[in-house]
Amino acid sequence: MSTSSYRPSRYVSRSRLKVSFEFFPPKNDEMEATLWESIERLAPLAPSFVSVTYGAGGSTRERTHSTVQRIIKETALKPAAHLTCVAATKDQVDEVIRDYWDAGVRHIVALRGDPAGGLGTAYASHPGGYEGSPELVAGIRAIGDFEISVSAYPEKHPESASIDTDIEMLKRKVDAGATRAITQFFFDNEVYLRYLDRARAAGIAIPIVPGIVPVQNFKQTAGFAARTGASVPDWLARRFEGLENDVATRKLIAAAVAAEQVLDLVDRGVTEFHFYTMNRADLVYAVCHLLGLRPEDEAARAAA
């Protein structure tokens, strides 16, 4: 092997790398079994936290709370509960915040949430509710000493007029008390790095963690990307051409694409990643393995 291809920055010590995983609450018994298989598979990698999403308009409130409570009771993981302010009064949202605190949750992912009519419809704050995410962050901060993560959009939110408008919104969330930003997924690392530079130039100093989605289903991911303003490069579409009915090869390609992306970011000095798991562990576990992450007991034996 040529020594010119050796990239020492890829071999980051385990203590410097941080990963977190996002799950969504299950809708039925079969999905619940899949979710917990994934949690059990990924838990030994010792993520910084695991987040549980909150449906549009708070539609999964009870299931989110139940999933978070089970994580607290049955695992050593640190849960981060998603929370939106769509279709709810301040009192209703504040009740959820206090319930999370009482359950032992100390980390909330604060999001405005999609319009009640779904993506593509106009957003209107609920009468008597929080106006948006900066106000929600401030409300959470007033209730408890939570760690608060918020969203960031390297290619701008679909409703934003420009990237500068998006960065101004992120700055408002930071000023209100946010401690971390997690990005919408992206496939072109230059997009994330340019956004990071602009955010830093605007005085935003909190971690801005890249959101990574291993592509379980290309058509589904591309459709979601179109609705959320994330671009899908032509080269990525070509990678998945002809694999609609070839699940095994599709998984290999998906793992390779995600691994290329995260390893390139590691080469550029990024050491923290948030994975959108889609409640499936296989691809995420493979990428984490390539990053050098190992189950804690295995890592301890190797160091002995």
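## Buried spots, helix faces and two odd loops

At 16% relative accessibility, Glu272 counts as buried (buried means under 20% relative accessible area, exposed over 50%, and partly exposed in between, with a 1.4 Å probe and protein chains only). Keep in mind that this is a predicted model, where local features need pLDDT of at least 70 and side-chain atom pairs count only at pLDDT 80 or more, while totals for chains, interfaces and linings use all residues. Residues are numbered from 1 along each chain as its sequence is written, and side-chain values use heavy atoms, with hydrogens and water left out.

Let's stay with strand 9. Glu272 sits in this strand, which covers residues 272–276 (helices, H or I with at least four residues, and strands, E with at least two, are DSSP runs numbered from the N terminus). Setting aside residues up to four places away in sequence, Glu272 touches Lys18, Arg180, Pro207, Val209 and Pro210 (contact means heavy atoms within 4.5 Å). His274 is found in strand 9 too, and His274 is buried, with a relative accessible area of 0%. Beyond its neighbours within four places in sequence, the contacts of His274 include Ser20, Phe21, Phe49, Ile182 and Gly211. His274 and Gln184 are 90 residues apart in sequence, yet their C-alpha atoms are 9.9 Å apart in space.

Now for the helices. Helix 2 (residues 61–74) has 14 residues and reaches 20 Å from its first C-alpha to its last, close to the 20 Å expected at 1.5 Å a residue (the expected span is 1.5 Å times one less than the number of residues). Which residues of helix 2 are buried? They are Thr64, His65, Thr67, Val68 and Ile71. These cover an arc of only 165° around the axis, which puts them on the same side of helix 2 (the arc is that of the directions from the helix axis to the C-beta atoms). On the other side of helix 2, Glu62, Lys73 and Glu74 are exposed. The cover over the buried residues of helix 2 includes helix 1 (29–42), strand 2 (49–52), strand 3 (79–84) and helix 3 (90–103).

In helix 7 (residues 218–228), the buried residues are Phe218, Thr221, Ala225 and Thr228. They cover an arc of only 100° around the axis, so they lie on the same side of helix 7. These buried residues pack against helix 8 (234–239), while Lys219, Gln220 and Ala226 are exposed on the other side of helix 7. Why do such patterns make sense? An α-helix has 3.6 residues a turn, so residues three or four places apart point the same way.

How do helix 4 (residues 133–143) and helix 5 (residues 163–176) pack? Their angle is about 10°, with their axes 8 Å apart (axes are lines fitted to C-alpha atoms, for helices over the stretch in contact, and angles run from 0 to 180 degrees between N-to-C directions). That makes helix 4 roughly parallel to helix 5 (angles under 35 degrees count as roughly parallel). Ser133, Pro134, Glu135, Val137, Ala138 and Arg141 in helix 4 meet Met169, Arg172, Lys173 and Ala176 in helix 5.

Finally, two loop residues. Most residues other than glycine have a negative phi, but these two have positive values.

| Residue | Phi | Loop | Relative accessibility |
|---|---|---|---|
| Lys156 | about 70° | between strand 5 (147–152) and helix 5 | 25%, partly exposed |
| Asn279 | near 65° | between strand 9 and helix 10 (282–290) | 4%, buried |

Conventions:
Angles under 35 degrees count as roughly parallel, over 145 as roughly antiparallel, 65 to 115 as roughly perpendicular and the rest as oblique.
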